[in-house]
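Student: Could you take me through one part of this structure closely? I would like to see what surrounds a single polar side chain.

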Amino acid sequence: SRHDGLDPKDAAFLQKVAWETVQACRADVADSRKALVQSLFNALDVDGDAALNSQEFYQFGCFLGFRGDDSVWGEEFVKVSTEVGRGDGLIGLEGFQRLVDFGSEEGLYSTHCTAEELTQCLTIIEGTR
């Protein structure tokens, strides 16, 4: 392969530096996303008990497009809390992180959320307080 006249050792060094730089940037993005998810979770967790109940999670559901009545919402929350919840009918940070990163098998949450969507949701929630 051609490296524009670079010595093979120099080319290998530059490839290594480029790879390490990309990996460091990816780690920064992952840390930034994790902090964003934590901030959104905290904004949703009105009672500060480190878990989201149906009422607290409702704003996030509406942001994602939920448009049903209370009984339909109850069913929807049971589905998602069964899949990503803590086993007590509540959703903790770990399950919320998994939900926004990978989506869920059932219901409204079938796709992951982008950082832009999470930021938009956080801005809306903070604006209602």
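Tutor: **Around Gln-97**

The side chains of Gln-97 and Asp-101 are joined by a polar contact of 2.9 Å (a pair of N or O atoms within 3.5 Å; within protein, one must be able to donate a hydrogen and the other to accept it, and residues adjacent in sequence count only if both atoms are side-chain atoms). This is a predicted model, in which local features need pLDDT of at least 70, side-chain atom pairs count only at pLDDT 80 or more, and totals for chains, interfaces and linings use all residues. Residues are numbered from 1 along each chain as its sequence is written, and side-chain values use heavy atoms, with hydrogens and water left out.

Gln-97 belongs to helix α4 (helices are DSSP runs of H or I with at least four residues, numbered from the N terminus). With a relative accessible area of 16%, Gln-97 is buried (buried means under 20%, exposed over 50%, partly exposed in between, with a 1.4 Å probe and protein chains only). Leaving out residues up to four places away in sequence, Gln-97 touches Lys-34 and Val-37 (contact means heavy atoms within 4.5 Å).

Asp-101 has a second partner, since its side chain also meets that of Arg-33 in a salt bridge of 2.7 Å, N to O (a side-chain nitrogen of Lys or Arg within 4 Å of a carboxyl oxygen of Asp or Glu). Arg-33 is in helix α1 and Asp-101 in helix α4, so this pair ties together parts that are 68 residues apart in sequence. Arg-33 is buried, at 18% relative accessible area, whereas Asp-101 is partly exposed, at 22%. Side chains of opposite charge can pair when their charged atoms come close.

Helix α4 also holds the pair Arg-98 and Glu-94, which are four residues apart and therefore separated by about one helical turn. Their salt bridge has its closest N and O atoms 4.0 Å apart. Arg-98 is partly exposed, at 34%, and Glu-94 is exposed, at 64%.

The residue before Gln-97 in the numbering, Phe-96, is among those with the most contacts inside the largest nonpolar core, which has 23 residues (a set of buried Ala, Val, Leu, Ile, Met, Phe, Trp, Tyr and Cys residues joined through side-chain atoms within 4.5 Å). Helix α1 gives the most to this core, with six residues. Setting aside neighbours within four places in sequence, the contacts of Phe-96 include Val-37, Leu-40 and Phe-57. Val-37 is thus touched by Phe-96 and by Gln-97.

Notes. Helix = DSSP H or I, 4+ residues; strand = E, 2+ residues; numbered from the N terminus.
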